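Hi,

Here's the structure I promised to pass on. Have a look at it first, and my notes follow below.

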Amino acid sequence: MQPITDSKVVLVTGGTRGIGRAICLKLASLGHTVVFTYITNEALAQSLVEEINAMTHAPVMAYRCDMTKLPEVQKLFKEIKAAFKRVDAVVNNAGILGDGKPFMMSPDADWWHVFQTNVSSVTNTCRAVLATMISQRKGRIINITSLSGQKGNPGQSAYSASKSAIVTFSRSLYKEVGQFGITVNCVSPGLIETDMTKELSEDYFSSRMSKTPLKRKGTPEEVANVVSYLICEAPTYMIGQELTIDGGIGG
Ligand SMILES: NC(=O)c1ccc[n+]([C@@H]2O[C@H](COP(=O)([O-])OP(=O)(O)OC[C@H]3O[C@@H](n4cnc5c(N)ncnc54)[C@H](OP(=O)(O)O)[C@@H]3O)[C@@H](O)[C@H]2O)c1
């Protein structure tokens, strides 16, 4: 593959599986430098590095990094800067769904664990990268939210609340940093075929499928195409948006 002239350095959090993995593969296939994080699954991280290396000469790096821990995230960005001198885009994809218990049956600590994991994974990268993006006078931040954050879902109160918090955080942030050439946008998937949705019950699926004209789940690759558009093609005038990709389920 020919190296591209406008090769970007992109961090994708939670790159080993599902939507994050598809985003890494899409960006690498376009010749961009991909740095991705994971938390547990080293074997999958290694297999993704090998898959990308077989596809492109663009560098790829995998980091075990718990995105909820600010010092780890700050160290990660130091290493990215040391290796590549800049950070063009961050895709805040890492997130957890929780155990699906109704709010009243969900222990307080578990509820806050889901909320805190999802929100702090986003705020930590922003805290750690914004000074770099401001000095570059450019940068793109894409936060993966969820249709659940727009509509709410039973058994997902912490998850839904965390995702709508990320949307309003993003809308506030772009008003602070847009003047420095930084865009902040969200991508809000509906029901996508990944490990996260594997555990959901058949009843849940059939009730959701009855609401979509397409009668199918989305694929991680479809979400990756939207993220890639926001990083590589979207005008900088497009800022503070939440793009929904849900096959019409949310309609
Ligand atoms: N799937 C859907 O239908 C759907 C719908 C709407 C929104 N989303 C959102 O899309 C994003 C990706 O979802 P997915 O379905 O692809 O999830 P997934 O298959 O469960 O993968 C989650 C990824 O996040 C990583 N991760 C989790 N916690 C982390 C942490 N603290 N630090 C670093 N990495 C961490 C995991 O790493 P390990 O492999 O090491 O565990 C894994 O790579 C999430 O934000 C999710 O809320 C998904």
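Let's start with the shell around the ligand: by class, it holds 12 nonpolar, 13 polar and four charged residues. In that count, Ala, Val, Leu, Ile, Met, Phe, Trp, Tyr, Cys and Pro are nonpolar, Asp, Glu, Lys and Arg are charged, and the others, Gly among them, are polar.

Some housekeeping: this is a predicted model, where local features need pLDDT of at least 70, side-chain atom pairs count only at pLDDT 80 or more, and totals for chains, interfaces and linings use all residues. Residues are numbered from 1 along each chain as its sequence is written, and side-chain values use heavy atoms, with hydrogens and water left out.

Of the 29 residues around the ligand (a heavy atom within 4 Å of it), those that come nearest are Thr16, Thr40, Asn93, Tyr159 and Thr194.

Next, the polar contacts (pairs of N or O atoms within 3.5 Å). Ligand oxygen atoms lie 2.7 Å from a polar backbone atom of Thr40 and 2.8 Å from one of Ile192, while a ligand nitrogen is 3.3 Å from a polar backbone atom of Cys65. On its own the ligand exposes 910 Å², and the protein buries 95% of that (Shrake-Rupley method, 1.4 Å probe).

As for helices (DSSP runs of H or I, at least four residues), H1 (18-29), H6 (157-177) and H7 (195-198) each supply at least two shell residues. The largest share, three residues, comes from H7.

Cheers

Key. A polar contact is a pair of N or O atoms within 3.5 Å; within protein, one must be able to donate a hydrogen and the other to accept it, and residues adjacent in sequence count only if both atoms are side-chain atoms.
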